[in-house]
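Here is a friendly walk through one model, told as questions and answers. Have the sequence and the coordinates open as you read.

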Amino acid sequence: MDLYAVFGNPIAHSKSPWIHARFAEQTSQQISYEARLAPRDGFASAVAAFRNEGGRGANVTVPFKLEACALADRRSARAEAAGAANTLIFDERGITADNTDGVGLVRDLAHLGYTLEGSRVLLLGAGGAARGALLPLLAEAPSSLTIANRTVEKALALATAFQPEGRACALLGCGFDALQGSTFDVVINATSSSLSDDAPPLPQGIYAPGALAYDMMYGSDETRFMQAARELGAERLSDGLGMLVEQAAESFFLWRGVRPDTQPVREALRGTLA
Ligand code: ATR
């Protein structure tokens with residue numbers, strides 16, 4: 001039985017053990033996957049102890065994603081670009097860090113019927129979640145990608161940092177005020193505002209006909225961002241539950257070389273939230 005775990009603090013709420021247990025059943029993989037609480041100042045030693053127990057890989061969540069990326073011996077391009085890792089692979093070569101969050105987002109958008117090529121995309125937020133999504137979003141070749149953040153300087157810095165990857169599309173950074181008069185096909189909330197039952201202030205007319213409002217957060221109820229998007233006329237709304245399942249599926253693939261079917265797992269997980 002190969003050992004995997006998710007490290008975080010807090011971790012009790014994590015849905016990852018449940019998701020990976022479904023993937024393992026579905027693909028007949030013999031794995032054990034558990035949630036492990038790491039002390040805030042003890043992530044590296046918790047990972048080392050797990051490797052000594054025979055751990056083959058790990059997921060990493062708040063607040064350890066930056067540290068996970070830094071402690072690895074090797075990093076994928078998407079982990080390097082994000083400066084954060086949610087997936088670690090342990091083998092004879094040491095620790096490899098990857099980041100499957102952004103690709104999870106892009107796959108979930110595709111499930112919802114939104115291919116981003118040629119689309120006008122608005123990414124709200126300039127923290128870790130936004131940073132993790134940028135490279136995979138740019139890889140889809142949207143016609144424009146606008147990063148808007150409460151602290152304008154952070155949006156500008158992110159747009160500058162990712163400029164080389166964004167050559168094919170217009171990559172812009174701005175504050176929320178500057179969105180007046182702009183229209184988008186896909187608006188992604190990568191701020192943590194929903195945690196405080198808040199939403200970024202967006203102007204009327206921001207949602208194009210048929211546009212999608214996507215919150216990376218999820219819960220049993222619609223997030224504040226989704227409610228605000230409905231009021232602003234967004235035709236499609238989604239929370240980030242599908243992204244959670246898709247990022248897990250990509251981690252599972254990295255570890256096991258097998259792609260689980262995410263659809264039944266997404267549906268079952270939604271049922272457990274209700
Ligand atoms: P995460 O890893 O979840 O991205 P983070 O790195 O702390 O967390 O970033 C939080 C993001 O949410 C930031 O973009 C933050 O905006 P600031 O850079 O201006 O702080 C944004 N954010 C948090 N609460 C918000 C709110 N109530 N309204 C708008 N943006 C908010």
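## Helices, turns and cis bonds

Q: Which residues of helix α8 are buried?
A: This is a predicted model, and helix α8 covers residues 224-231. A residue counts as buried if 20 or more other C-beta atoms lie within 10 Å of its own. The residues of α8 that are buried are F225, M226 and A229.

Q: Why are the buried residues on the same side of α8, and what arc do they cover?
A: Take the buried set again, F225, M226 and A229. Their directions around the axis span a narrow range, which is why they fall on the same side of α8. The arc is only 95 degrees.

Q: Which strands do the buried residues of α8 pack against?
A: The partners of these buried residues are strands at 184-189, 207-215 and 236-238. By name, they are β10, β11 and β12.

Q: What phi does G233 take, just after α8?
A: G233 follows just after the helix α8. Its phi is positive, at about 95 degrees.

Q: How are α9 and α10 oriented to each other: parallel, antiparallel, perpendicular or oblique?
A: Helix α9 (residues 241-256) packs with helix α10 (residues 262-273) at an angle of about 135 degrees, and their axes are 10 Å apart. Angles over 145 degrees count as roughly antiparallel and 65 to 115 as roughly perpendicular, with this one in neither range, so the term for the pair is oblique.

Q: Is the crossing of α9 and α10 left-handed or right-handed?
A: The crossing describes how α9 passes α10. Its hand is right-handed.

Q: How many nonpolar, polar and charged residues make the contact of α9 with α10?
A: From α9 come L241, G242, V245, E246 and A249, and from α10 come T262, V265, R266, L269 and R270. Sorted by class, the contact has five nonpolar, two polar and three charged residues.

Q: Which residue does a cis peptide bond join to N9?
A: The bond has an omega of about 5 degrees. The partner is found in the loop between β1 (2-8) and α1 (16-27). The residue is P10.

Q: Where does P63 lie?
A: A cis peptide bond joins V62 and P63, with omega about 5 degrees. P63 lies in the loop between β3 (55-60) and α3 (65-71).

Q: Is S28 buried or exposed?
A: S28 has a positive phi of about 55 degrees although it is not a glycine, and its place is in the loop between α1 and β2 (31-37). With 7 other C-beta atoms within 10 Å, S28 is exposed.

Conventions
Residues are numbered from 1 along each chain as its sequence is written. This is a predicted model: local features need pLDDT of at least 70, side-chain atom pairs count only at pLDDT 80 or more; totals for chains, interfaces and linings use all residues. Axes are lines fitted to C-alpha atoms, for helices over the stretch in contact, and angles run from 0 to 180 degrees between N-to-C directions. Helices (H or I, at least four residues) and strands (E, at least two) are DSSP runs, numbered from the N terminus. Angles under 35 degrees count as roughly parallel, over 145 as roughly antiparallel, 65 to 115 as roughly perpendicular and the rest as oblique. A crossing is left-handed if the near helix is turned anticlockwise from the far one by less than a right angle, and right-handed if clockwise. Two residues are in contact if their C-beta atoms, placed from the backbone, lie within 7 Å. Ala, Val, Leu, Ile, Met, Phe, Trp, Tyr, Cys and Pro count as nonpolar, Asp, Glu, Lys and Arg as charged, and the others, Gly among them, as polar. A residue is buried if 20 or more other C-beta atoms lie within 10 Å of its own, exposed if 12 or fewer, and partly exposed in between; C-beta atoms are placed from the backbone. The arc is that of the directions from the helix axis to the C-beta atoms.
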